[in-house]
Amino acid sequence: MDLGLEGKVALIACASSGLGLGVATALATEGAHVSICGRDPDRLAVAHGKLEAHGGRVHSQVADVGVDGAVQRWVDGAVAEFGGIDVVVSHTGGVVQGPVAEFGPEDYRRAVDTALIPHVALVTAATPHLRRDGRVLMITSEAVRQPMPHNVLSGVARQGVLSYARNLVHAFGDSGTTVNVLAPGYHDTPALRGPSGEDTSAAAAEVPLRRVGDPDDFGALAAFLASRQAAFVTGALLLVDGGNTRAPV
């Protein structure tokens with residue numbers, strides 16, 4: 001299937017590894033030009049090289065999406081390189097885990113700054129350059145659909161992403177631009193494995209499919225949502241968690 005992404009320009013945040021890199025790889029494989037950002041310059045350089053191997057143009061810039069002004073500078077750099085934007089994939093770092101009793105107001109403010117505001121910052125910066133029939137994808141977490149006692153800050157902060165996305169659906173509707181939210185569960189990423197490269201079997205045991213997700217499969221789904229075939233899919237929340245979410249759809 002030709003997804004119609006040849007020559008399109010895609011910005012993917014936090015894409016030096018994990019799910020972001022999976023999405024960038026899928027889009028580059030389909031012929032898109034990609035711009036990625038990440039905090040670690042060494043890891044970003046490695047990701048840049050991997051993406052170039054797919055043949056398209058690649059732009060990368062060191063940026064922490066949680067720092068004021070960093071997203072705008074990245075977007076400006078990408079537009080200077082490519083001239084416009086067709087696909088925006090917003091993504092953020094994780095927040096501190098723990099139960100509700102451990103946190104106070106300041107913890108929630110930091111969580112919002114980490115897990116919500118960067119989505120807003122990226123879309124705001126990219127909107128003036130977004131071409132007609134664009135695509136906006138926001139990566140959150142299964143915590144937006146199912147309360148997770150060990151991850152309360154994520155669930156609370158990321159709920160704001162859903163509300164923001166649903167308002168964008170109407171704001172962008174006349175331009176043909178779609179807005180969708182991807183809510184991943186456990187995937188085989190550096191964030192899940194931790195600094196010591198821990199085994200993923202404990203997480204896999206919680207999932208009905210008895211395995212964790214593959215970032216490349218996640219990227220393939222994102223690429224479809226970015227495609228011309230998904231032009232009538234907007235305002236959707238797609239769980240990508242192997243059936244782990246027990247809450248009603």
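**Strands, cores and empty space in a predicted model**

Strands β1 and β2 run parallel and are joined by four bridges. The model in which they appear is a predicted one. Within this pairing, S35 of β2 is the bridge partner of L11. Strand β2 spans residues 33–38, and six of its six residues are buried. The cover is on both sides of the strand: H33, S35 and C37 are buried on one face, and V34, I36 and G38 are buried on the other. In a regular strand the side chains alternate between the two faces of the sheet.

Strand β1 also pairs with β4, again in the parallel sense, over three bridges. Here the bridge partner of L11 is V88. L11 therefore has a bridge partner in β2, S35, and another in β4, V88, by the pairing rule of DSSP bridges. Strand β4 is mostly covered, with six of its six residues buried. From β4 the pairing continues to β5: five bridges join these two strands, which run parallel. One of the partnerships is that of V89 with L137 in β5.

The strands can next be followed into the nonpolar interior. The largest nonpolar core has 34 residues, and L11, V75, I85, L122, V136, M138 and V179 are those with the most contacts inside it. Two or more residues come from each of β1 (9–12), α3 (70–82), β4 (85–90), α5 (117–126), β5 (130–139), α6 and β6 (178–184). Another core, of 30 residues, lies apart from it and includes L3, L19, V23 and L137.

What does L11 touch, leaving aside residues up to four places away in sequence? Its contacts are S35, W74, V75, A78, I85, V87, V88, V89 and L122. Among these, S35 is its bridge partner in β2 and V88 its bridge partner in β4. V75, I85 and L122 are, like L11, among the residues with the most contacts inside the largest core.

I12 also belongs to strand β1. Is I12 buried or exposed? Its relative accessible area is 0%, so I12 counts as buried. Not counting residues up to four places away in sequence, I12 touches G20, V23, A24, L27, V34, S35, I36, C37, W74 and V89. This set includes V34, S35, I36 and C37, which are buried residues of β2. V23, another contact of I12, is one of the residues of the 30-residue core. The C-alpha atoms of I12 and V71 are 11 Å apart, while the two residues are 59 apart in sequence.

Two residues stand out by their backbone angles. Most residues other than glycine have a negative phi, and most peptide bonds are trans. C14, although not a glycine, has a positive phi of about 50°. C14 sits in the loop between β1 and α1, and its relative accessible area of 23% makes it partly exposed. D133 is also a residue other than glycine with a positive phi, in this case near 60°. D133 lies in strand β5 and is partly exposed, with a relative accessible area of 47%.

The remaining topic is the space that the atoms leave unfilled. Rolling a probe the size of a water molecule over the atoms shows where empty space is left. The largest pocket has a volume of about 1,200 Å³. Its lining consists of 40 residues, of which H91, T92, G93, G94 and A191 are the closest to its centre. Helices α1 (18–29), α4 (105–115), α6 (152–172) and α7 (190–193) each supply at least two residues of that lining. By residue type, the lining divides into 14 nonpolar, 20 polar and six charged.

How many cavities of 30 Å³ or more are there? The count comes to one. The largest cavity has a volume of about 50 Å³, and its lining is made up of L162, A165, R166, V169, V179, N180, V181, G235, A236 and L237. Both α6 and β6 supply at least two of these residues, and α6 gives the most, with four. Seven of the lining residues are nonpolar, two are polar and one is charged. V179 lines this cavity and is also among the residues with the most contacts inside the largest nonpolar core. Helix α6 likewise appears in several places: it contributes to the lining of the largest pocket, to the lining of the largest cavity and to the largest core.

Definitions and conventions
Residues are numbered from 1 along each chain as its sequence is written. This is a predicted model: local features need pLDDT of at least 70, side-chain atom pairs count only at pLDDT 80 or more; totals for chains, interfaces and linings use all residues. Side-chain values use heavy atoms; hydrogens and water are left out. On a 1 Å grid over the protein atoms alone, a cavity is a set of points where a 1.4 Å probe fits but cannot get out, and a pocket is an open set with protein on both sides within 12 Å along at least five of seven lines; lining residues have an atom within 4 Å of a point. Grid points are joined across faces, edges and corners, and a volume is the space filled by probe spheres set on the points. Ala, Val, Leu, Ile, Met, Phe, Trp, Tyr, Cys and Pro count as nonpolar, Asp, Glu, Lys and Arg as charged, and the others, Gly among them, as polar. A nonpolar core is a set of buried Ala, Val, Leu, Ile, Met, Phe, Trp, Tyr and Cys residues joined through side-chain atoms within 4.5 Å. Buried means under 20% relative accessible area, exposed over 50%, partly exposed in between (1.4 Å probe, protein chains only). Contact means heavy atoms within 4.5 Å.
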